[in-house]
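Hello,

Here is the structure I promised to pass on to you. Have a look at it first, and then read my notes below.

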Amino acid sequence: TKKSSKSGGHQLPPGPTPLPVVGNLFELGDKPHRSLARLAKLYSPVMTLRLGQVTTVFVSSPEMAGEILQKNDAVLSSRWIPEAVRVLAHSEASMVWLPPCQQWRNLRRICKTQLFTTQRLDSYQSLRSQKVQELMQYISDSTSKGLLVHVGRVAFSTTLNLISRTVFSVDLVDLYAESSQEFKQVVEGITEEAGRANLSDYFPLLAKLDLQGIRRRSTKYFKRLHDIFDEHIDRRLHRERDGTTARNDFLDELLEHQVQGDGTKFDRQALKSLFSDIFVAGSDTSSRTVEWAMAELLRNPRTMAKVREEIARVIGFARAVEEADIGSLPYLQATVKETLRLHPTVPLLLPRLAEATVELHGYEIPEGTRVLINVWAIGRDSSAWTEPEEFLPERFLNREVDFRGRDMELIPFGAGRRICPGLPLAYRMVHLMLASMLQRFEWRLPEGVEPRDLDMEEKFGLTLIMASPLKAMAIPAECC
Ligand code: HEM
């Protein structure tokens, strides 16, 4: 039965009938993006679920996403904050979780003007390409030892260094060292805890008890990140006092920066929260995108051949791929778009909170409602995409559709004022890593695995990951 929920006299969007106490919690299952897409077909692309005590509106069509992210962005750009990030005062200083206040605007502004500008990104280009070349060497070494490449793992370590070279102009991890796995576990731990169904979120009276231990584990992970960043900051301050370095990178900028207007300076807490945000939000997302893209290419050998043919034709084998080449590789770009359509790494975007009551297609979303946008469902919406379940990069070759927040059928980075600020860096990193791996190596699935048998099962969390991490064989291409 279709049921429109009533709340304080407002007509909420329809949704399944809630059970007493738990509401619709059991409807989510272990792959909420899929269960919610199914329910949206039964009820409506804007749908209400009662999750314990939290009324949540889910949006699953491009049109409704536009209502939220374009038309009503001003009142819907606050965050609904999970308990998992209310630790070590993180959510009070974090760009990801702050409401759209002055402090949040300052953080966005400094990232936009000092970190993600074309000029700044260009100036660190060679530091990044060096890291990608080291990745090529690492893959070469693995193949000469007859080992399979753990695509997600190596892409993750490389991404961490690509980000840390852009922010600190130094490396954070060593691709060859086991210790680099610790940082990965910490970052993955944070996204896993923040993405878990947490009773403390749905029954606020229980929050203190932390029944699932989520807050405890999350505190431990954030503490470890803060310690690592403290070390970097201290080392820099020490060297600068000695006069042994003047890097003029983002860290220097932040250490000197006086925020205009209200006169506040970025204190230690603000810096540690900012770096936690940048590394957590940037590394898992970007490296998982590379892993999903490789998995799709291995499953679709004809598409793989086409991307490699484009790279061979446009760049050849005599020199390495550079970020400046991305614009001349339309099929590669289409492949990345198609990957993000089918496998958006943040499947429900980040939760929003209605700061005032909003009217939406005759329904009312009352103040205080949690709003989530199912980009996974939007990417597979059959009214927006033909053959939505097929991996067909060609669909983008004659279409202007892009993921920069204008076209609501493709919003893996969100849209509106909370759109992912790291998009310009993610764009460069994902294309560069993927193109380099495809230029230098031919890729095959492990012996005995047929393309159609590749396990594409997902594991749901704040990020959507491959349930069985991708392992593949790399064979040096004709260049080397
Ligand atoms: C393929 C890679 C990436 C994907 C798919 C992605 C996706 C997203 C999404 C969906 C959001 C939430 C948007 C919303 O609520 O509407 C977001 C926010 C954010 N992303 Fe990314 N992201 C990626 C890479 C990066 C990188 C490389 C960085 C930084 C180096 C970054 C930093 C952030 C931050 C700080 C926010 C929070 C912004 C705010 O709430 O104001 N992301 N990202």
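Of the 480 residues in the chain, 45% count as buried, meaning that 20 or more other C-beta atoms, placed from the backbone, lie within 10 Å of the residue's own. Please keep in mind that this is a predicted model: local features need pLDDT of at least 70, side-chain atom pairs count only at pLDDT 80 or more, and totals for chains, interfaces and linings use all residues. Residues are numbered from 1 along each chain as its sequence is written.

The chain has 15 helices and 14 strands; these are DSSP runs, numbered from the N terminus, with at least four residues for a helix (H or I) and at least two for a strand (E).

Now to the ligand. It is surrounded by 26 residues, counted as near if the C-beta atom, placed from the backbone, lies within 6 Å of it. Among the closest are Gly282 and Cys420. Helix H11 (268–299) and helix H15 (423–440) each give two or more residues to this shell, and H11 has the largest share, with seven.

There is also an open sheet of three strands, in the order S6-S14-S11, with antiparallel pairing; strands pair if DSSP finds at least two bridges between them. Strand S6 (149–150) and strand S11 (441–444) stand at the edges with a single partner strand each, so one side of each has no neighbour in the sheet. Four bridges join S11 to S14 (residues 471–476), and Phe441 stands opposite Pro476 in S14.

Enjoy exploring!

Conventions:
Buried ≥ 20, exposed ≤ 12 C-beta atoms within 10 Å, placed from the backbone.
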